[in-house]
Amino acid sequence: MFNLGGYGPHILAGAVTTVELSLLSLIVSFGLGLIGASAKLSKNRAARGVATAYTTLIRGVPDLVLMLLIFYSLQIWINDFTDWLNTLQSSIDFEVQLDPFTSGVITLGFIYGAYFTETFRGAFLAVPKGQMEAARAFGMKPFLVFRRILFPQMMRYALPGLGNNWQVILKATALVSIIGLSDVVFAAQQAGEATLNTFFYLCIAGAVYLVLTMISNGVLLYLERKYMIGVRKAVL
Amino acid sequence: MIYILQNYWQALLYSDGYQMTGLAMTLWLLVISCAIGFCLALPLAIARNSKNPLIWGPVWLYGFIFRGTPLYVQLLLIYTGVYGLHFVHNTPPLADFFRSAINCTLLSFALNTGAYTTEIFYGAIRDTSFGEVEAGRAYGMSRFTLYRRIIIPSALRRALPMYSNEVILMLHATTLAFTATVPDILKVTNDAYVATYAPFDAFGLAALMYLCVSFSLIFMFKKAEQHFLAHLKS
């Protein structure tokens, strides 16, 4: 049944690209989410405004539209910028070429950063105020408060939302094949066109996603247990 | 920007002269797929709550497969994969159905949103408070009446906030139709981009239009929540 007709390594390489892309986008959006949530909760009005505009605009526009918008515009902006640099310093010819992988990571990270911002904002608000006050009373610096008190407790509240976001990112990477990255969907399409058996190869691609979903469910369950240590559940 | 607006405003809004395109097409895709998904989800959600594993098992599997794989893969599978199968190719009614891009798109969207909606309704039905069902039984209602009068109205109301999220996500998902050559907003703006090579103007316009539709939907659902969930307001 699993006769992949010699396209096994090709599809496997695509699957690896999918996983790499999702993990890197997760890191970018995780960082952006933390920054965005701090901006949304800060006392600075400008930071709050920028963060609110970011989350509202990004979450109101379909990700495929944003992906095409950013993917095609980013290169033009970078070209304009390097042209401008070259006019300043004409002795060196400065040039940056974005490959689909990098722009895929930047785009997905930027889009899902908005969703992470909202998740983290809710989670930060859920941490009891007394915890922060106690930490400050111990003389901890703001960063230490964040690292030792806020972050570990916040993660417990954020995990269900993070898990959802991760599953959405994993599935959104399929869109990147539209902008020409050879992920698992792209590989399956190529194999299907070459062997005239698209149905079979697309089912294989779907199965790859199902396996990845199951693995991430397991990891999430483990993380949830880890961050639940020391929390007593109400017995109903 | 002005050039795109002058040349494409009609195609962006309702028609390019031959067929329905742009905003009208996007809304049509959204409404039809959500309607079919809703009709599919309601009985499936009731079946998912059954105690018999032979009944809830298949529904769970349907949800697992359609929520575990990307919509893009499902669309490709139905649009390019199914038509390539021999028995579909050789059965005229099936071949006619799967040859049309819009049919395949609607089918995959409806199946996808149906899976998510089933899960939403399943949770809402499961969380119906015990007292409501007990009171219904005390009135001597049959199972069917109990579902029709008590469980489903109450569950649908409680599912409304989650369901509005799903509809917004479905609006975002309709952009995938452009990969199957269905002329929705994104397809028209993509044509404009190809003609002008001004990606920011073309796709920015699409982003603005989707933003407007998103905000109108959010506003409508807020009004609906105020109406249907008025009893829950403190």
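Here is a walk through a predicted model with chains A and B, going from the separate chains to their interface, then to a pocket and a salt bridge.

Let's start with chain A. Its secondary structure comes to eight helices and zero strands, so to speak a plain run of α-α-α-α-α-α-α-α when you read along the sequence. If you want a feel for its extent, the C-alpha trace of chain A spans about 65 × 60 × 30 Å along its principal axes.

Chain B is built from helices too: there are 11 of them, and again the strand count is zero. From the N terminus on, the pattern for chain B reads α-α-α-α-α-α-α-α-α-α-α. Taken along the principal axes, the C-alpha atoms of chain B fill a box of roughly 70 × 55 × 30 Å.

Now put the two together. On the chain A side, 31 residues are in contact with 33 residues of chain B. About 2800 Å² is buried between the two chains, and carbon and sulfur atoms give 82% of that area. Which three residues of chain A supply more of its buried area than any other three? They are Lys171(A), Phe199(A) and Leu210(A), with 19% of what chain A buries against chain B.

What about charge and polarity across this interface? The rule finds zero salt bridges between chain A and chain B, while five residue pairs are in polar contact, both partners being at pLDDT 80 or more. Looking at where the touching residues of chain A come from, α2 (45–60), α3 (63–88), α7 (184–195) and α8 (198–227) each supply at least two. The largest share, nine residues, belongs to α8(A). Sorted by class, the side of chain A that touches chain B has 21 nonpolar, eight polar and two charged residues.

Next, turn to the second largest pocket, which holds about 670 Å³ of space. Its lining takes in 18 residues, and those nearest its centre are Leu41(A), Phe124(A), Met132(A), Arg136(A) and Leu150(A). Four helices of chain A each give at least two residues to this lining: α1 (8–41), α4 (100–126), α5 (129–137) and α6 (142–172). Of these, α6(A) provides the largest share, with five residues. By class, the lining of this pocket has 12 nonpolar, two polar and four charged residues.

Finally, back to charged pairs. Side chains of opposite charge can pair when their charged atoms come close. Over all chains, the structure holds six salt bridges. One to look up is in chain B, where the side chains of Arg48(B) and Glu119(B) meet at 3.7 Å, N to O. Why does this pair tie together parts that are apart in sequence? Arg48(B) lies in helix α2 (residues 22–48) of chain B and Glu119(B) in helix α7 (residues 101–126) of chain B, so the salt bridge links parts that are 71 residues apart in sequence.

Terms used. Residues are numbered from 1 along each chain as its sequence is written. Chains are lettered from A and ligands numbered from 1 in the order in which they are written. Side-chain values use heavy atoms; hydrogens and water are left out. Contact means heavy atoms within 4.5 Å. Buried area is the accessible area (1.4 Å probe) that two parts lose on being put together, summed over both. A salt bridge is a side-chain nitrogen of Lys or Arg within 4 Å of a carboxyl oxygen of Asp or Glu. A polar contact is a pair of N or O atoms within 3.5 Å; within protein, one must be able to donate a hydrogen and the other to accept it, and residues adjacent in sequence count only if both atoms are side-chain atoms. Ala, Val, Leu, Ile, Met, Phe, Trp, Tyr, Cys and Pro count as nonpolar, Asp, Glu, Lys and Arg as charged, and the others, Gly among them, as polar. On a 1 Å grid over the protein atoms alone, a cavity is a set of points where a 1.4 Å probe fits but cannot get out, and a pocket is an open set with protein on both sides within 12 Å along at least five of seven lines; lining residues have an atom within 4 Å of a point. Grid points are joined across faces, edges and corners, and a volume is the space filled by probe spheres set on the points.
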